[in-house]
Amino acid sequence: MDLARAGLDVGLFTERRDEALAFWGDAVGLAGGDRLAVGSGVQQYRFELPDGGVLKVNHSRDPLPEVANGFVALRIAVDDVRSPVALVDPDGLTVELVPPDDAAPVELTWRCAEPGELRGWLERMLGAEAHPDGRVEVAGTLVRLEQDDAEREPGPLRARGARYLTVQVADCPATHAALVAAGVAEARAPVRLGDVAVVSFVRLPDGGWLEVSQRRSITGALPELPEGRL
């Protein structure tokens with residue numbers, strides 16, 4: 001995988017725009033909050049994560065279904081935090097703020113039925129690096145995989161809470177084609193979001209969503225593709 005930028009992006013969907021923006025901008029203290037229209041009644045607000053990734057708050061004007069999410073917690077290193085602070089975002093995501101010297105910049109906790117299988121998939125398909133303590137580093141972000149035997153229906157992309165991860169790549173169509181050729185299930189073929197990005201989606205082994213993104217601000221000119229939406 002030819003990454004264009006370090007750091008996984010974490011995508012959330014919410015109906016509680018004001019509460020979510022106040023939480024991530026004020027309570028957590030992430031910089032950013034720039035707005036991007038991504039189509040069909042969704043506005044995306046983007047906050048900078050300390051590992052280079054982006055926290056994407058997608059506000060939906062339409063009601064969102066409630067489904068079980070595998071992405072259950074974020075641990076974020078914050079400069080002015082002296083001891084761990086436990087928070088919960090407006091849609092139920094656990095967030096722990098920790099001093100920078102005590103932890104990696106960002107750690108995502110991901111619950112699934114088969115952590116070993118998922119770990120192998122992340123290594124093969126996304127070039128993840130295994131750590132001795134069982135965590136994996138995916139595109140520069142630490143991921144803790146936890147066993148969870150609860151039945152989960154993946155559900156639609158647009159549902160309440162943390163719903164997808166994003167890798168930023170140099171060539172979205174080529175990366176998408178390579179993943180599909182390797183046996184990864186296609187969810188949405190590459191489309192262009194105006195002059196901002198080309199994106200596609202594939203399915204993660206637990207049925208979740210992975211976005212493959214090529215942003216003009218990172219890679220320059222975008223390929224000509226049909227217009228689409230998130």
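For sorting residues by class, Ala, Val, Leu, Ile, Met, Phe, Trp, Tyr, Cys and Pro count as nonpolar, Asp, Glu, Lys and Arg as charged, and the others, Gly among them, as polar. With that in hand, the enclosed spaces of this predicted model make a good place to start. In total, 3 cavities of 30 Å³ or more were found. The second largest cavity holds about 80 Å³ of space. Its lining is made up of 15 residues, and those closest to the centre are Q44, K56, L193, E211 and R215. Sorted by class, this lining has 8 nonpolar, 3 polar and 4 charged residues. Several strands contribute: at least two lining residues come from each of strand 2 (32–39), strand 3 (42–48), strand 12 (161–168), strand 14 (197–203) and strand 15 (209–215). Strand 15 gives the largest share, with 3 residues.

The largest cavity encloses about 130 Å³. Around this space stand A68, N69, G70, F71, W110, R152, P154, A162, R163, D206, G207 and G208. These lining residues divide into 5 nonpolar, 4 polar and 3 charged.

Turning from cavities to pockets, the largest pocket has a volume of about 200 Å³. Its lining consists of C112, A113, E114, E117, L118, D148, D149, A150, R152, P205 and D206. By class there are 5 nonpolar and 6 charged residues here, and no polar ones. Two of the names will be familiar, since R152 and D206 line the largest pocket and also appear in the lining of the largest cavity.

Strand 12, already met at the second largest cavity, deserves a closer look. Of its 8 residues, 8 are buried, so the strand is largely enclosed by the rest of the structure. Strand 12 is joined to strand 1 (residues 9–14) by 5 bridges, and these two strands run antiparallel. Within this pairing, D9 has T166 of strand 12 as its bridge partner. Strand 12 is also joined to strand 15 by 5 bridges, this time in a parallel arrangement. Here L165 stands opposite L210 of strand 15.

Elsewhere in the model, 7 strands form an open sheet with mixed pairing, in the order 6-7-5-8-11-10-9. The edges are taken by strand 6 (85–88) and strand 9 (129–130); each has a single partner strand, so one side of each is left without a neighbour in the sheet. For strand 6, the partner is strand 7 (residues 94–98), to which it is joined by 4 bridges in an antiparallel manner. One of the pairs across these strands is V85 with L97, the latter lying in strand 7.

The packing of side chains comes next. In soluble globular proteins, nonpolar side chains tend to be buried together. The largest nonpolar core of this model has 49 residues, and W24, L55, L74, I76, W110 and L122 touch the most other members. Helix 2 (residues 115–126) gives the most to this core, with 5 residues. A second, separate core has 10 residues, among them F13, L36, Y164 and L230. Of the residues highlighted in the largest core, W110 also belongs to the lining of the largest cavity.

The surroundings of W24 can be listed in full. Leaving aside residues up to four places away in sequence, W24 touches L12, G29, L30, F47, L55, V57, L74, I76, D89, L93 and V95. Among these contacts are L55, L74 and I76, which are named with W24 as touching the most other members of the largest core.

One of the residues touched by W24, V57, lies in strand 4 (residues 54–60). How buried or exposed is V57? Its relative accessible area is 2%; burial means a value under 20%, so V57 counts as buried. With residues up to four places away in sequence left out, V57 touches L12, T14, A20, W24, Q43, Q44, Y45 and F47. For T14, which is 43 residues from V57 along the chain, the C-alpha atoms of the two are separated by 7.1 Å.

H59 is also placed in strand 4. This histidine is buried, with a relative accessible area of 14%. Again not counting residues up to four places away in sequence, H59 touches T14, E15, R16, R17, G41, V42, Q43 and Y45. T14, Q43 and Y45 thus appear among the contacts of H59 and among those of V57.

Technical notes
Residues are numbered from 1 along each chain as its sequence is written. This is a predicted model: local features need pLDDT of at least 70, side-chain atom pairs count only at pLDDT 80 or more; totals for chains, interfaces and linings use all residues. Side-chain values use heavy atoms; hydrogens and water are left out. On a 1 Å grid over the protein atoms alone, a cavity is a set of points where a 1.4 Å probe fits but cannot get out, and a pocket is an open set with protein on both sides within 12 Å along at least five of seven lines; lining residues have an atom within 4 Å of a point. Grid points are joined across faces, edges and corners, and a volume is the space filled by probe spheres set on the points. A nonpolar core is a set of buried Ala, Val, Leu, Ile, Met, Phe, Trp, Tyr and Cys residues joined through side-chain atoms within 4.5 Å. Buried means under 20% relative accessible area, exposed over 50%, partly exposed in between (1.4 Å probe, protein chains only). Contact means heavy atoms within 4.5 Å. Two strands pair if DSSP finds at least two bridges between them.
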